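Trainee: I've got a structure open and I'm not sure how to read it. Could you walk me through it?

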Amino acid sequence: MNSCHQASSPGVALEDHIFVAILKTADALSQEAEQLIKSAGLTMAQYNVLRILRGAEPEGLLCRGISERMISRDPDVTRLLDRMENHGWITRHREKEDRRVVKTRITEEGLAALKKLDQPVRDLHKGQFRHMSAPQLKTLARLLAEVEKREPT
């Protein structure tokens, strides 16, 4: 193992190494997924929104609800939704009871775009983790959940 990655480097906390390792791993996994998603004509943010909206059917979501569920925060979700609406992947409608409320829903075109990617994305993820056993994956999932539920500093 390279000395830059060793947890025993003098003066560097184990948490620092873990933090960098998580970021590097996330970046590598993300870049592979990004290439696949890009080949289908979507950005990762667009793909993320479509998955969120598919899961929110049939009610749809407010812009704020989409933003809260995003994997990577997008500072301008409204503009992202504008572009997606122009592509025909989503629709936005004002509620009759309260005209200030705008619900966003996925369209058939958006569902079709996701459906084309479902199996390739599953295959990619299987390949990304094929070197790990099922018990290792369960442990990793549990540990990452522990990290995620920590108190913010």
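Mentor: Happy to. Keep in mind that this is a predicted model. Let's begin with one residue: Thr-104 sits in strand S2, residues 102-106.

Trainee: Is Thr-104 buried or exposed?

Mentor: The idea is to look at relative accessibility, where under 20% is called buried. Thr-104 has 1%, so it counts as buried.

Trainee: Which residues does Thr-104 touch, leaving out those up to four places away in sequence?

Mentor: Thr-104 touches Leu-53, Gly-60, Leu-61, Ile-66, Leu-81, Ile-90, Thr-91 and Arg-92. Pick Ile-66 from that list and look at its contacts with the same sequence neighbours left out: Val-49, Ile-52, Leu-53, Leu-61, Val-77, Leu-81 and Thr-104.

Trainee: How do I read a cluster like that?

Mentor: In soluble globular proteins, nonpolar side chains tend to be buried together. Here the largest nonpolar core has 22 residues, and Val-49, Leu-50 and Ile-66 are the ones with the most contacts inside it.

Trainee: Which elements give two or more residues to this core?

Mentor: Those are H2, H4 and helix H5, which covers 108-128. H2 gives the most, with 5 residues.

Trainee: Then let's look at H2. How do I read the way two helices pack?

Mentor: Check the distance between their axes, then the crossing angle, with 65 to 115 degrees counted as roughly perpendicular. For helix H2 (residues 44-55) and helix H4 (residues 77-87), the axes come within 11 Å and cross at roughly 80°. That puts H2 roughly perpendicular to H4.

Trainee: Which residues in H2 and H4 meet?

Mentor: On the H2 side you'll find Ala-45, Gln-46, Val-49 and Leu-50, and they meet Leu-80, Leu-81 and Met-84 in H4. Sorted by class, this contact has 6 nonpolar residues, 1 polar and no charged ones.

Trainee: What about H2 and H5: at what angle do their axes cross?

Mentor: They cross at roughly 105°, and the axes come within 10 Å. H2 and H5 are therefore roughly perpendicular to each other. From H2, the residues involved are Tyr-47, Leu-50, Arg-51 and Arg-54. They meet Gly-110, Leu-111, Ala-113, Leu-114, Lys-115, Leu-117, Asp-118 and Val-121 in H5. This contact divides into 7 nonpolar, 1 polar and 4 charged residues. Notice that Leu-50 is listed in the contact with H4 and again in the contact with H5.

Trainee: And H1? How do I read a helix by its length?

Mentor: Compare its end-to-end span with the span expected at 1.5 Å a residue. Helix H1, residues 14-39, has 26 residues and reaches 38 Å from first C-alpha to last, close to the 38 Å expected.

Trainee: Which residues of H1 are buried, and what do they pack against?

Mentor: The buried ones are His-17, Ala-33 and Ile-37, and the buried residues of H1 pack against H2 and H5. As for general geometry, an α-helix has 3.6 residues a turn, so residues three or four places apart point the same way. Just after H1, look for Gly-41, which takes a positive phi of about 85°.

Trainee: Are there any peptide bonds I should look at?

Mentor: Yes, for this you check omega. Glu-57 and Pro-58 are joined by a cis peptide bond, with omega about 5°. Pro-58 is in the loop between H2 and helix H3, which spans 63-69.

Trainee: Is Glu-97 buried or exposed?

Mentor: Glu-97 has a relative accessible area of 70%, so it is exposed. You'll find Glu-97 in the loop between strand S1 (90-94) and S2. To place it in space, pair it with Arg-51: they are 46 residues apart along the chain, and their C-alpha atoms are separated by 27 Å.

Trainee: Can I use the same approach elsewhere?

Mentor: Sure, try Glu-148 in helix H6, residues 134-148. Glu-148 is exposed, at 69% relative accessible area. Its C-alpha is separated by 32 Å from that of Thr-107, 41 residues apart along the chain. Then go to Val-12, in the segment before H1. Val-12 is partly exposed, at 34%. Val-12 and Val-101 are 89 residues apart along the chain, with 50 Å between their C-alpha atoms.

Technical notes. Residues numbered from 1 in each chain as written. Heavy atoms only, no water. Axes fitted to C-alpha atoms, helices over the stretch in contact; angles between N-to-C directions. Helix = DSSP H or I, 4+ residues; strand = E, 2+ residues; numbered from the N terminus. Parallel < 35°, antiparallel > 145°, perpendicular 65-115°, else oblique. Contact = heavy atoms within 4.5 Å. Nonpolar A, V, L, I, M, F, W, Y, C, P; charged D, E, K, R; others polar. Buried < 20%, exposed > 50% of the residue type's maximum accessible area, 1.4 Å probe, protein only. Core = buried A, V, L, I, M, F, W, Y, C linked by side-chain atoms within 4.5 Å. Expected span 1.5 Å × (residues − 1).
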